[in-house]
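Good morning, colleagues. Please take a moment with the sequence and the coordinates before I begin.

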Amino acid sequence: MDVDSNWATDWVRRSADAVAAHRADLTALDRAIGDGDHGENLHRGYQAALAALDGLPDDSTPADALMLVATTLISNVGGAAGPLYGTAFLKASGAAQGLDELGPADVVAILTAARDGIVLRGKAQHGEKTMVDAWTPAVDAAAAAAESGSDVRDVLEAAASAAEQGAADTEPLVARKGRASYLGERSAGHRDPGAESSALVLRAAAEAAAD
Ligand code: ADP
Ligand code: MG
Ligand code: MG
């Protein structure tokens, strides 16, 4: 079954819930290798997105919801993660333009555009201990699932599982980008907060498609 604008708005709600539930964990991860604000930053942004959902017209498209997330995250999250997440959703919205229903290939296009937006903005490659380390495995797994004939639900499930594994895999890495890179070798042994929050957001996307 394909997904529509209800999926997109449900994705926002579930992301906001997940970030709210895990904000202390995200902040603790950022305290270890950053400045201890990632959970609060993202929570503030997603609460703003949640409030803004009320203003979306009933006939809005998935692209409209993704654009709303982009603009609210850009203006409310701040730090490094605000522009990165903002660009991700801006590009995702572009990839969804003109579509009322999203099939497996469309979902892959949206996730790919989001990841490419993050890379364009932050210039991090895979393995540099950033949110890219969650998004790139997610995109690869989603593309492989779609190619093998999976429906949207299974494509998003594959993306979420790969993002969770990708976030866990950042633990031994030395950070090469962002604030954590100031710690050099001492950044190893801690999970990257942005990779962890990205896994939460991608799990929320899968849950929104599953119900
Ligand atoms: P700040 O570091 O400004 O306090 P946050 O704590 O909200 O911002 O976000 C930190 C997260 O941002 C990191 O865990 C990492 O995943 C991500 N990040 C930082 N710099 C980059 C970058 N250049 N490319 C991709 N992700 C990055
Ligand atoms: Mg921080
Ligand atoms: Mg900060």
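**From the chain end to the ligand shell**

Let me start with aspartate 211, which has 9 C-beta neighbours inside 10 Å and therefore counts as exposed. Aspartate 211 is found in the segment after H8. In sequence, 204 residues separate aspartate 211 from tryptophan 7, yet their C-alpha atoms are 9.3 Å apart in space. I should state at this point that we are looking at a predicted model.

The annotation gives a related view. An unreviewed UniProt entry lists residues 6–207 as "domain: DhaL". In this model the end C-alpha atoms of that span, residues 6–207, lie 12 Å apart. The span is 70% helix and 0% strand.

I turn now to the nonpolar interior. The largest nonpolar core has 71 residues, and Ala138, Ala142 and Ala159 touch the most other members. Which elements give two or more residues to this core? They are helix H1 (5–33), H2, helix H3 (62–76), H4, H5, helix H6 (132–147), helix H7 (152–168) and H8. To take one of those three alanines, alanine 159 is in contact with Leu111, Ala138, Ala141, Ala142, Leu202 and Ala206, once its neighbours within four places in sequence are left aside.

Let us consider helix H4, residues 81–96, in more detail. What span should its 16 residues have at 1.5 Å a residue? The expected value, taken over one less than the number of residues, is 22 Å, and the end C-alpha atoms are 22 Å apart, which agrees. Of the 16 residues of H4, 13 are buried, so the helix is largely enclosed by the rest of the structure. Just after H4, glycine 98 takes a positive phi of about 85 degrees.

Phenylalanine 89 lies in helix H4. Is phenylalanine 89 buried or exposed? It has 26 other C-beta atoms within 10 Å; the threshold for burial is 20 or more, so phenylalanine 89 is buried. Residues up to four places away in sequence aside, phenylalanine 89 touches Leu66, Val69, Ala70, Leu73 and Ala114. Alanine 168, by contrast, is 79 residues from phenylalanine 89 in sequence and 23 Å from it in space, C-alpha to C-alpha.

Helix H6 can be treated in the same manner. At 1.5 Å a residue, the 16 residues of H6 should span 22 Å, and the distance of 22 Å between its end C-alpha atoms agrees. H6 is mostly covered, with 13 of its 16 residues buried. Glycine 149, just after H6, takes a positive phi of about 95 degrees.

For a contact between helices, I would point to alanine 16. Alanine 16 lies in helix H1 and is buried, with 23 other C-beta atoms within 10 Å. Beyond its neighbours within four places in sequence, alanine 16 is in contact with Tyr46, Gln47, Ala49 and Leu50. Tyrosine 46 is 30 residues away from alanine 16 along the chain, and the two C-alpha atoms are separated by 5.0 Å.

The loop between H5 and H6 merits attention for its backbone. Most residues other than glycine have a negative phi. Lysine 123, although not a glycine, has a positive phi of about 60 degrees. Lysine 129 is likewise not a glycine and has a positive phi of about 65 degrees. Both residues belong to this loop, lysine 123 and lysine 129. Their surroundings are as follows: lysine 123 has 11 C-beta neighbours inside 10 Å and so counts as exposed, whereas lysine 129 is buried, with 27 other C-beta atoms within 10 Å.

I close with ligand 1. How many residues surround ligand 1? There are 24, and the closest are Gly79, Gly122, Thr130, Gly178 and Gly194. By class, the shell has nine nonpolar, eight polar and seven charged residues. Helix H2 (38–53), H4, helix H5 (104–122) and helix H8 (193–210) each supply at least two residues of the shell. The largest share, three residues, comes from H8. H2, H4, H5 and H8 thus appear both in the shell around ligand 1 and among the elements that give two or more residues to the largest nonpolar core.

Note on methods: Residues are numbered from 1 along each chain as its sequence is written. Chains are lettered from A and ligands numbered from 1 in the order in which they are written. This is a predicted model: local features need pLDDT of at least 70, side-chain atom pairs count only at pLDDT 80 or more; totals for chains, interfaces and linings use all residues. Helices (H or I, at least four residues) and strands (E, at least two) are DSSP runs, numbered from the N terminus. A residue is buried if 20 or more other C-beta atoms lie within 10 Å of its own, exposed if 12 or fewer, and partly exposed in between; C-beta atoms are placed from the backbone. A residue is near a molecule or strand if its C-beta atom, placed from the backbone, lies within 6 Å of it. Ala, Val, Leu, Ile, Met, Phe, Trp, Tyr, Cys and Pro count as nonpolar, Asp, Glu, Lys and Arg as charged, and the others, Gly among them, as polar. A nonpolar core is a set of buried Ala, Val, Leu, Ile, Met, Phe, Trp, Tyr and Cys residues joined through C-beta atoms within 7 Å. Two residues are in contact if their C-beta atoms, placed from the backbone, lie within 7 Å. UniProt positions are given in the numbering used here, feature names are shortened, and annotations may be inferred rather than shown by experiment.
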